[in-house]
Amino acid sequence: MKSNSLPLVIFPLLLIHFHQSVALLEPATLDESYATSPMASQPPESDVKQFIHTSCQSTLYQDLCFNSLIFYANTIQHDSARLTRIAIKISLTRAKNMANYISYLSSQADSGGEPTTKSALHDCYALFGDAVDQMRDSLKQMQQLNGSGGSLRFQMSNVQTWLSAAMTNEDTCSDGLSDVPNLVIKENVMDRVNKAMHVTSNALALVNKFVAQVVKP
């Protein structure tokens with residue numbers, strides 16, 4: 001009897017394809033025009049690590065936060081704005097990779113997958129596409145901060161709103177996968193979606209911390 005679900009044998013290939021595409025941003029792609037020059041005076045490495053560690057204490061997934069940000073220690077230095085921007089960029093990269101991965105699975109499902117699975121994957125792809133756009137808007141606003149008082153409060157509110165919306169879209173994708181009958185797809189994609197949500201949650205927590213520092217009541 002012919003199965004309507006994706007063959008299990010394709011999933012090792014899918015995983016290889018995914019792992020090849022999920023590398024976090026390399027330092028050269030951060031495009032921080034104000035990044036510290038190698039010749040500039042820099043604080044001791046231990047001080048920067050402590051700064052990142054302390055900043056990550058405001059997040060739910062502290063080890064993930066530290067391990068993802070320490071790679072950019074030379075750029076972050078003791079700058080909370082840079083740290084926050086990089087955290088959003090890491091989340092954006094993860095969301096882009098997830099959108100690509102779900103798109104690949106969706107194209108496979110379209111060639112003979114079970115209808116509920118196809119529908120859930122299509123929905124997830126659209127939701128992650130929206131999340132990517134929202135994270136881009138959030139990052140762009142962070143890169144263009146200016147002014148103070150009410151103006152700065154409004155700008156940071158935009159950053160928070162867009163990043164929160166992105167996380168909601170990721171969560172909605174996860175919820176939509178709950179009825180997928182193909183357990184291989186369901187468990188694999190939900191696991192990766194949850195990890196993407198953890199990265200976004202950390203970015204939002206760091207944004208909130210930054211807001212508390214720079215926006216006066």
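In this predicted model, A120 touches G176, L177 and V180 once residues up to four places away in sequence are left out of the count. A120 is found in helix α6. The C-alpha atoms of A120 and V180 are separated by 7.2 Å, although the two residues stand 60 residues apart along the chain. With a relative accessible area of 7%, A120 falls under the 20% limit and is therefore buried.

A wider view of the chain helps to place this residue. The chain holds 8 helices and 0 strands, and its elements run α-α-α-α-α-α-α-α from the N terminus on. Of the 217 residues in the chain, 44% are buried. Contacts that bridge long stretches of sequence can be followed too: among those between residues at least 6 apart in sequence, 78% join residues at least 24 apart.

Helix α2 makes a friendly worked example. It covers residues 45-56, which is 12 residues, and at 1.5 Å a residue it should span 16 Å; the end C-alpha atoms of α2 are 17 Å apart, so expectation and model agree. Which residues of α2 are buried? They are V48, F51, I52, S55 and C56. Around the axis these residues cover an arc of only 130°, so they lie on the same side of α2. The partners they pack against are α3 (62-69), α4 (73-76), α5 (80-110) and α8 (183-214). For I52, leaving aside neighbours within four places in sequence, the contacts are F66, L69, I70, A73, I76 and L83.

I52 also appears in the largest nonpolar core, which has 54 residues. Together with L69, F128 and M156, I52 is among the residues with the most contacts inside this core. At least two core residues come from each of α2, α3, α4, α5, α6 (115-143), α7 (149-176) and α8. Helix α5 gives the most, with 14 residues.

Helix α7 can be checked in the manner used for α2. Its 28 residues should span 40 Å at 1.5 Å a residue, and the end C-alpha atoms of α7 are 41 Å apart, so the two values agree. The buried residues of α7 are L152, Q155, M156, N158, V159, L163, A166, N169, E170, C173 and S174. One of them, M156, was met above as a residue with many partners, being among those with the most contacts inside the core. What covers the buried residues of α7 includes α5, α6 and α8.

Aromatic rings come last. How many aromatic pairs does a search of the whole structure find? The search finds 1. The pair is formed by F71 and Y72, whose ring centres are 5.2 Å apart and whose planes meet at 85°; planes over 60 degrees apart count as edge-to-face, so this pair is edge-to-face. The two partners can also be described by their accessibility. F71 has 48% relative accessibility and so counts as partly exposed, whereas Y72 is buried, with a relative accessible area of 2%. Another ring, that of Y101, has a charged neighbour: R192 lies over the face of Y101, at 5.4 Å from the ring centre.

Terms used
Residues numbered from 1 in each chain as written. Predicted model: local features only at pLDDT ≥ 70, side-chain atom pairs only at ≥ 80, totals over all residues. Heavy atoms only, no water. Phe/Tyr/Trp six-rings, centres within 6.5 Å; stacked < 30°, edge-to-face > 60°. Buried < 20%, exposed > 50% of the residue type's maximum accessible area, 1.4 Å probe, protein only. Lys NZ or Arg CZ within 6 Å of the ring centre and 35° of its normal. Helix = DSSP H or I, 4+ residues; strand = E, 2+ residues; numbered from the N terminus. Expected span 1.5 Å × (residues − 1). Arc of directions from axis to C-beta. Contact = heavy atoms within 4.5 Å. Core = buried A, V, L, I, M, F, W, Y, C linked by side-chain atoms within 4.5 Å.
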